[in-house]
Amino acid sequence: MIRITICSKPRLLNILRAVVKFYAKEAGLSHTDADYLALAIDEAVANIIRHTYHGRHDAKLALEVHCLPDRLEFILEDWGPKVREELIRPRPLDEVRPGGLGTFFIYSFMDECSYDRDFKEGNRLKLVKFLTPKGAGCDNESSSAKSG
Amino acid sequence: MKVQVRNLDKISILDSSGDVDLYSSPRLREALLAQIKADGPSVLVNMSGVTYIDSSGIATLVEGLQLSRQTKTRFGLFGLRPNARSVLELARLHKVFTIFATEEEAVEKIGSIAPFEGL
């Protein structure tokens, strides 16, 4: 497990992408799938910066990665106002307009997305990617690791 | 990410390189919209050096496309790496943009397409 806390500066997104790719490859995902996973997490973090923090760069957010035998779990925490889940939807792809694709990418590449309603201080989003039988999973974290 | 503009036979070419994400896409947006507004007949984005593109980068390209419709500027992309192309395909935007494989092809053909082709 790794936990990284950063300030909400967009220039730090590449660090998080590198971490996600590292764990994706450790888990046996292909280069392409690792890229997609990094894109999904990048979009989720970008949504926090844009929509929860309204572009503020002095707030903080945290990424936690749990590498389990059958899945990768990514926990994103922020300390902003509560997200209204009912307002989060990917836009229809037949609309050609700027914006709205981030959520679509998250839903496309992740197998599960859920908010922890018990997280009192802000938002805690869990994103899960299940590994295929070929994926070996990580051997550096026990299966008893807390998954959030 | 870097963006450099050069002109070739009345075509503005934006050479983009590096990661296009929430941090860097405003630079691409500024350069791209400026070139389209500059009243030239054709604008091409060289994507061969783009190593990563997220939804903000794609939104920038869509914005460029929409502005090019208003200004009747021919607008195209070339040199997309497989990862950038697959992201565009997933978003079903690969048929919306005019995409060329190489700069040679783009320079040769951009003048012959209709400004709104692809939409």
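Here a trainee and a mentor talk through a predicted model with chains A and B.

Trainee: What should I keep in mind about the numbering and the model?

Mentor: Residues are numbered from 1 along each chain as its sequence is written, and chains are lettered from A and ligands numbered from 1 in the order in which they are written. As the model is predicted, local features need pLDDT of at least 70, side-chain atom pairs count only at pLDDT 80 or more, and totals for chains, interfaces and linings use all residues, while side-chain values use heavy atoms and leave out hydrogens and water.

Trainee: Let's begin with the interface. How many residues does each chain bring to the contact?

Mentor: Chain A gives 24 residues and chain B gives 22 residues. Contact here means heavy atoms within 4.5 Å.

Trainee: What is the area buried between chain B and chain A?

Mentor: About 1,900 Å², with carbon and sulfur atoms giving 68% of it. Buried area is the accessible area (1.4 Å probe) that two parts lose on being put together, summed over both. The size of an interface is often given in this way, as the accessible area lost when the parts come together.

Trainee: Why is the pair A:R17 and B:D21 called a salt bridge?

Mentor: A salt bridge needs a side-chain nitrogen of Lys or Arg within 4 Å of a carboxyl oxygen of Asp or Glu. The side chains of A:R17 and B:D21 meet at 2.9 Å, N to O, so the pair fits that rule. The count between chain B and chain A is 2 salt bridges.

Trainee: And how many residue pairs are in polar contact across the interface?

Mentor: The rule finds 5 residue pairs, both residues being at pLDDT 80 or more. A polar contact is a pair of N or O atoms within 3.5 Å; within protein, one must be able to donate a hydrogen and the other to accept it, and residues adjacent in sequence count only if both atoms are side-chain atoms.

Trainee: Which elements give two or more residues to the side of chain B that touches chain A?

Mentor: They are β3 (42-53), α2 (55-71) and α3 (82-90) of chain B. The largest share, 7 residues, comes from α2(B). Helices (H or I, at least four residues) and strands (E, at least two) are DSSP runs, numbered from the N terminus.

Trainee: How do you know that the length of α2(B) agrees with what is expected of a helix?

Mentor: The expected span is 1.5 Å times one less than the number of residues. For the 17 residues of α2(B) that gives 24 Å, and the end C-alpha atoms are 24 Å apart, so the two agree. After α2(B) comes B:K72, whose phi is positive, near 60 degrees.

Trainee: What makes α2(B) largely enclosed by the rest of the structure?

Mentor: Of its 17 residues, 12 are buried, and that is why α2(B) is described so. Buried means under 20% relative accessible area, exposed over 50%, and partly exposed in between (1.4 Å probe, protein chains only). Among the buried residues are B:I58, B:L61, B:V62 and B:L65.

Trainee: What about helix α3 (residues 101-109) of chain A?

Mentor: There, 7 of the 9 residues are buried, so α3(A) is also largely enclosed by the rest of the structure. Its buried residues include A:F104, A:F105 and A:F109. They pack against α2, β4 (112-115) and β5 (123-130) of chain A, together with α2 and α3 of chain B.

Trainee: Why is A:K21 called partly exposed?

Mentor: Its relative accessibility is 26%, so A:K21 falls between the cut-offs for buried and exposed. A:K21 is found in helix α1 (residues 13-26) of chain A, and a polar contact of 3.2 Å joins its side chain to that of A:D35.

Trainee: Is B:S16 buried or exposed?

Mentor: At 3% relative accessibility, B:S16 counts as buried. B:S16 sits in strand β2 (residues 11-20) of chain B, and its contacts beyond four places in sequence include B:M1, B:L28 and B:V45.

Trainee: And why is B:K10 called exposed?

Mentor: Its relative accessibility is 70%, over the cut-off, so B:K10 counts as exposed. B:K10 lies in the loop between β1 (2-8) and β2 of chain B, and has a positive phi of about 65 degrees although it is not a glycine.
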